[in-house]
Amino acid sequence: MIPFNFIYYRPDSLQEAADIYSTLQSKGQKAVYFAGGSEIITMCRTGSIQPKAVIDIKNIPECGLLSLYNQKLQIGSVCTLNQISESKLFPLMRLACGRIADHTNQCRITLGGNLCGSIIYRETSLPLLLADAEITLYGPEGERTVPLRSVFYQCMQLKPGEMIVQVQIPVWALSARHYHIKKTANEKIDYPLVSVAAICKDSKLRLAFSGICSYPFRSEQMESALNQQTKSFEERVKQAAELLPEPVYADAEGSGEYRLFVFKNTLRQLLEDWDNGKI
Ligand SMILES: Cc1cc2nc3c(=O)[nH]c(=O)nc-3n(C[C@H](O)[C@H](O)[C@H](O)COP(=O)(O)OP(=O)(O)OC[C@H]3O[C@@H](n4cnc5c(N)ncnc54)[C@H](O)[C@@H]3O)c2cc1C
């Protein structure tokens, strides 16, 4: 049970949603955009957030698109992980979505919720960062479409009242050779100790990671280290690990030392598979 009252809005357009947000803000009332609701409802129940209103964006047509248009795949922010997987349009994203939570939750968790939520892994960001995806945002100041990497640094860097409308993925990424591996401490479906996504572009591997640090990231420096074909796998992996952007993440699932061990083994396996033409 949610132990406080709140107002529920379900706007039909982006403009209406942003107007509701602005009106509430001008009255000093806190509102949150609501997608799958899995995180918001939990946080309301536990009392860690207490919004005056939730603005459910699932009726907004632009947020629900999932189609190819103009040489790009558009994925609306309220598409669920399951819808994205089932569409089979972006194979690397399909693998990432298929390893987040269990099937029941995959039918509820949305792309926007995964990117904006407080749980640090945000694993759907990995395929998007690798594919040079663009993102369309809408808020009280209007609409903007920008490269995802310019607004996703550790987490989504949104302006007040801004929401994710959709992402656009260039078609080359939909058919690119790719690799996804997620290592967990216990169950197949769990938070990652280490999650690695890779895509091949211009005969080079691009790589993005979650779990190994306290935020997901793509590192071009680490990519350069791992693509040095004249060096041994061991040397490349060692160099890449030295280029991690912050100390290795540690929690109850795994110590920093253990995560680093798993990370290095995963990278070595990836390079072997790449070398053997399995990617
Ligand atoms: C059982 C379980 C297992 C999980 N395992 C993993 C995992 O392995 N890896 C992983 O990466 N994540 C995992 N998650 C985290 C999950 O992806 C997030 O909790 C996500 O926020 C839930 O999405 P939602 O659509 O339900 O979000 P909601 O609860 O609707 O929203 C979450 C937050 O995002 C904001 N938001 C939602 N949509 C938008 C939008 N379009 N624009 C702006 N802000 C928006 C909301 O305002 C809120 O702050 C797991 C979650 C569960 C419940």
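Biologist: Which strands does helix α11 (residues 256-275) lie across?

Modeller: α11 lies across β11, β12 and β13 (204-210). The angle to β12 is about 25°. Axes are lines fitted to C-alpha atoms, for helices over the stretch in contact, and angles run from 0 to 180 degrees between N-to-C directions. Contact requires C-beta atoms, placed from the backbone, within 7 Å. This is a predicted model: local features need pLDDT of at least 70, side-chain atom pairs count only at pLDDT 80 or more, and totals for chains, interfaces and linings use all residues. Residues are numbered from 1 along each chain as its sequence is written.

Biologist: What makes α11 a helix and β12 a strand?

Modeller: Both are DSSP runs, numbered from the N terminus: H or I over at least four residues for a helix, E over at least two for a strand. α11 covers residues 256-275, and β12 covers residues 194-201. Another helix, α4 (residues 91-98), lies across β11 and β12, at about 10° to β11.

Biologist: How do you know that β11 and β12 pair?

Modeller: Pairing needs at least two DSSP bridges between the strands. Six bridges join β11 to β12, and the two run antiparallel. Lys 182 has Ser 195 in β12 as its bridge partner.

Biologist: Why do β11 (178-183) and β14 (217-218) count as edges?

Modeller: The open sheet has four strands, in the order β11-β12-β13-β14, with antiparallel pairing. β11 and β14 each have a single partner strand, so one side of each is left without a neighbour in the sheet.

Biologist: Where are the domain bounds?

Modeller: Domain 1 is 7-56, domain 2 is 61-173 and domain 3 is 177-275. These bounds come from an automatic or database domain assignment. The C-alpha centres of domains 1 and 2 lie 20 Å apart. Their contact takes 11 residues from domain 1 and 19 from domain 2. On the domain 1 side, α1 (14-26) and α2 (38-46) each supply at least two residues. α1 gives the most there, with six.

Biologist: Why does the ligand lie between domain 1 and domain 2?

Modeller: Both domains give residues to the shell around the ligand, so the ligand lies between them. A shell residue has its C-beta atom, placed from the backbone, within 6 Å of the ligand. That holds for 29 residues, the closest being Gly 36, Ser 38, Gly 112, Gly 113 and Gly 117. β2 (31-34), α2, α6 (111-116) and β10 (163-170) each give two or more. α6 gives the most, with four.

Notes:
Contact = placed C-beta atoms within 7 Å.
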